[in-house]
Amino acid sequence: MPTSTSQVATGRPERYIKQLISHLGQKATADLGGDGRGVITFQHGRCVLTPAGDHLVMIATAADVGALADVQDVVARHLLRFAAQEELTVDWTEPVAGDSLQIVDPVVTDYLVTHCTPADDLLQELVLKTREATGGAAGMQIAQDEGALLGMLVRLAGARRAVEVGVFTGYSSICVARALPEDGYLLACDVSEEWTSIARHYWERAGVADRIDLRIGAALETLRALPNEPSFDFAFIDADKVNYPAYYEEIVPRLTSGGLVVLDNTFRGGRTFDPAFQDDSDVAMRRVNEIVFQDARVESVMLPVRDGVTLARKH
Ligand SMILES: C[S@@+](CC[C@H](N)C(=O)[O-])C[C@H]1O[C@@H](n2cnc3c(N)ncnc32)[C@H](O)[C@@H]1O
């Protein structure tokens, strides 16, 4: 579904949103939230209006580019009419679909990667080894900044016992295991003997093999076989996307109070935000994002780190 945004400079974004909601609400469904955010839903598209300081941010979405142009036109025309006392400029960006959204500008990524704790020689070697041994699958490996984030979260949570769903060649498990205390424990779940044989080799060399318990098999079965009691302080979910809701539901009861569950790829390259994408993984990811958001057992935050990283901390 194409989406387009416009950032309109104005000192009165809240006022215009109210006027647009009130006026267009006569022909479409229009809701104003307590935070001043407005949503107008037309038959073939919608526009989200957000006050952002001295800007009004408008996000238009529609079923196709023709319908998107209609949404842009009706909202912009009314806005300009209400703004008789000031000269507003409404410039819409080119339409983009979910899978071509640029979530983080590459310039920003480059800067932040060069300004966070670097991967050590072993992790850098693992990156090269993974490319050589797994080819295109190497894209599944988490990146340096996400690895640094995981290690920091494990330390901040003071975690002693962790679980990982989706080991691959071991990058994230090394980051997690290194951040655990010496007598810490990481339960590592994966289906692949081949990929985890590389992980095992690097765990040895990283000096963390003794704290990692690798279980080969469907992770859902491994999790369900665990005692249903809070015994983990940290969890990282990074495996098959269709099972994310089930992984989350198995993990939360097994988290201690203050324990953290981290979910990777919650944006799915932007497909999560775009209802045009409806494969099983897209649907499952939207579902788990809703489950986490609605879950009274946790507080949560979604970070635009790489492909979307969600943190949920159990009360
Ligand atoms: C995205 S990769 C994990 C990347 C890893 N966290 C890293 O840092 O390199 C996903 C992994 O999930 C595993 N996987 C897929 N389906 C699974 C399942 N049902 N149960 C357990 N592991 C699964 C795959 O074998 C693959 O190694």
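Tutor: Let's start with a definition: Ala, Val, Leu, Ile, Met, Phe, Trp, Tyr, Cys and Pro count as nonpolar, Asp, Glu, Lys and Arg as charged, and the others, Gly among them, as polar. This is a predicted model, where local features need pLDDT of at least 70 and side-chain atom pairs pLDDT 80 or more, while totals for chains, interfaces and linings use all residues. Residues are numbered from 1 along each chain as its sequence is written, and side-chain values use heavy atoms, with hydrogens and water left out.

Student: OK, how do the residues of the shell around the ligand divide under that scheme?

Tutor: Into 12 nonpolar, five polar and three charged.

Student: What makes a residue part of the surroundings of the ligand?

Tutor: One of its heavy atoms has to lie within 4 Å of the molecule. Here 20 residues surround the ligand, and the closest are G166, S172, D190, A219 and D238.

Student: What makes the pair between D238 and the ligand a polar contact?

Tutor: A polar contact is a pair of N or O atoms within 3.5 Å (within protein, one must be able to donate a hydrogen and the other to accept it, and residues adjacent in sequence count only if both atoms are side-chain atoms). A side-chain N or O atom of D238 is 2.8 Å from a nitrogen atom of the ligand, so the pair qualifies. D240 also puts a polar side-chain atom 3.3 Å from a ligand nitrogen, and a backbone N or O atom of F168 lies 3.2 Å from a ligand oxygen. The protein covers 89% of the 600 Å² of accessible area that the ligand has on its own (Shrake-Rupley method, 1.4 Å probe).

Student: Why is R254 called buried or exposed?

Tutor: Buried means under 20% relative accessible area, exposed over 50%, and partly exposed in between (1.4 Å probe, protein chains only). R254 has 5% relative accessibility, so R254 counts as buried. This residue is in the loop between α9 (244-251) and β10 (255-264), and its side chain reaches the backbone oxygen of L223 at 3.5 Å.

Student: And which class does L112 get?

Tutor: Its relative accessibility is 32%, so L112 counts as partly exposed. L112 belongs to helix α3 (residues 106-113). Its C-alpha atom is 7.8 Å from that of D145, 33 residues apart along the chain.

Student: What percentage of the chain counts as buried?

Tutor: 47% of the 315 residues.

Student: How many helices and strands are there?

Tutor: There are 10 helices and 12 strands, taken as DSSP runs (helices H or I, at least four residues; strands E, at least two) numbered from the N terminus.
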